[in-house]
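Biologist: Please show me the structure. I have some questions about its helix packing and its ligand.

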Amino acid sequence: PKENLLWKEGQGLKLALITLNTGRLTIPAGCAAGGRRMLEIAHEWANERVQWGAPIGKHEAVAAKIAWMASHTFAMEAIVWLTSGLSDRGDVDLRLEAAMAKLFNTETAWQCADHLVQIRGGRGYETAESLRGRGEKGYPVERILRDMRINRIFEGTSEIQHLFIAREAVDPHMKRGYKILQPETPAKEKLAAAAKAGAHYAAWYPSRYVGWSRFPKFGDFGTLSGHMGFIERTARHLSRSIFHSMMRYQAKLERKQMVLFRIVDIGTDLFAMAASISYATMLARKGQKNAVDLADVFCREARMRIEANFSNLFTDHDDAAYRLVLKLLKGEYDWFKGMLVQPVVPTAEQVEEAMAKLA
Ligand SMILES: Cc1cc2nc3c(=O)[nH]c(=O)nc-3n(C[C@H](O)[C@H](O)[C@H](O)COP(=O)(O)OP(=O)(O)OC[C@H]3O[C@@H](n4cnc5c(N)ncnc54)[C@H](O)[C@@H]3O)c2cc1C
């Protein structure tokens, strides 16, 4: 009915997409703010709680978690400023950046919450009310964990963000190769399309190998310039890998979700690295010099993930796992369901006997 119409007729999809962009920028901002609060709690507790003769923050396993939280919260914040700035400009199509912000910040804030629960130990599992009831400070860590979890689901699940970003990355290649990859395209048309694509890729492909990352053009970024060079080199490596994935899987690539997800994760980490380096450089210029260390630690972590994703890009584990699930969905593993141990239900006489013994 007319009275239920939002905006104008025919503008529904546009309105939905605009609304999604807003959510995809505000949720990441909430995650970054949550990251700061989580870091604050971790900081207080890591100094206060003493185990094995030292504050727990001095044990390397706990320190590593706090370093992860601090450096990744910095990256979340950098992404928020970058995407908000782009949004304020008003003339930028930032659907891709907003999707990466949503994906990165919600996954990162969840991981921060998980680290925080671990750092708080048994108290991390307790509600704030229960803690206060025992006379302790009511850190709401259990609540934070629950609230951070939904961010990976609403406004587009992480899986859907991956697919959306992947489509943007692969689409330009797909458009060029579409006719060649379709079996029903007549041979003559295929040949013409191949010649056109061939001419494009003859120039494009070598350009993915040649770059300037080893030259001192990133000098403005000081000690972070090495990471900037890595981003430039790796962006070219990534575009070669997208091309290789297309050659390998052709039209089936859109169903190779795990390959696509790794490609997206690499791209998103590169985006977060660039945002962090730029944010740290700006803060350092304004006098906050140790911001550079946060960006450096973040970039080191991100580079390890990126390298792992490249080395597993075409792992045959994906097919093995997929085949296993097809069998599981067919019911071939029904023997593996249900209770591990059959409970023994005592008879009324046995209960009476036990109670009599206790009395
Ligand atoms: C607290 C809360 C508040 C909400 N608020 C709103 C709101 O204000 N407005 C609104 O419109 N909605 C709202 N929602 C709904 C929310 O947006 C959806 O729950 C969310 O988009 C996921 O959709 P779904 O639950 O139907 O999951 P499904 O689409 O059924 O997905 C189930 C799982 O399958 C995965 N999946 C689905 N399709 C694919 C695919 N093609 N490839 C790979 N994986 C896939 C998903 O990622 C997910 O892991 C809210 C939900 C909650 C819990």
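The questions below take up helix pairs and then the ligand.

Modeller: This is a predicted model, in which local features need pLDDT of at least 70, side-chain atom pairs count only at pLDDT 80 or more, and totals for chains, interfaces and linings use all residues. Residues are numbered from 1 along each chain as its sequence is written, and side-chain values use heavy atoms, with hydrogens and water left out.

Biologist: Which way do α10 and α11 run relative to each other, roughly parallel or roughly antiparallel?

Modeller: Helices are DSSP runs (H or I, at least four residues), numbered from the N terminus. Axes are lines fitted to C-alpha atoms over the stretch in contact, with angles from 0 to 180 degrees between N-to-C directions. The axes of α10 (residues 257–285) and α11 (residues 291–311) come within 9 Å and cross at roughly 165°. Angles over 145 degrees count as roughly antiparallel, so α10 and α11 are roughly antiparallel.

Biologist: What is the make-up of the contact of α10 with α11, by class?

Modeller: Contact means heavy atoms within 4.5 Å. Residues on the α10 side include I266, L270 and M273, and those on the α11 side include F298, A302 and I306. Ala, Val, Leu, Ile, Met, Phe, Trp, Tyr, Cys and Pro count as nonpolar, Asp, Glu, Lys and Arg as charged, and the others, Gly among them, as polar. The tally is 16 nonpolar, two polar and five charged residues.

Biologist: At roughly what angle do α1 and α2 cross?

Modeller: α1 covers residues 12–48 and α2 covers residues 60–89. L25, M38 and L39 are among the α1 residues that meet α2, where I66, M69 and V80 are among the partners. The two helices are roughly antiparallel. Their axes come within 9 Å and cross at roughly 155°.

Biologist: Which residues of α6 make the contact with α1?

Modeller: α6 spans residues 141–150, and its axis comes within 12 Å of that of α1. This contact has five nonpolar, one polar and no charged residues. On the α1 side are G34, M38 and I41; on the α6 side are V141, I144 and M148.

Biologist: Which side chain has an N or O atom 3.1 Å from a nitrogen atom of the ligand?

Modeller: The ligand is surrounded by I150, I153, F154, E155, T157, E159, I160, L163 and Q257 (a heavy atom within 4 Å). A polar side-chain atom of T157 lies 2.7 Å from a ligand oxygen atom. The side chain of E159 also places an N or O atom 2.7 Å from an oxygen atom of the ligand. The 3.1 Å pair with a ligand nitrogen atom belongs to Q257.

Definitions and conventions. Parallel < 35°, antiparallel > 145°, perpendicular 65-115°, else oblique. Polar contact = N/O pair within 3.5 Å; in protein donor to acceptor, adjacent residues only side chain to side chain.
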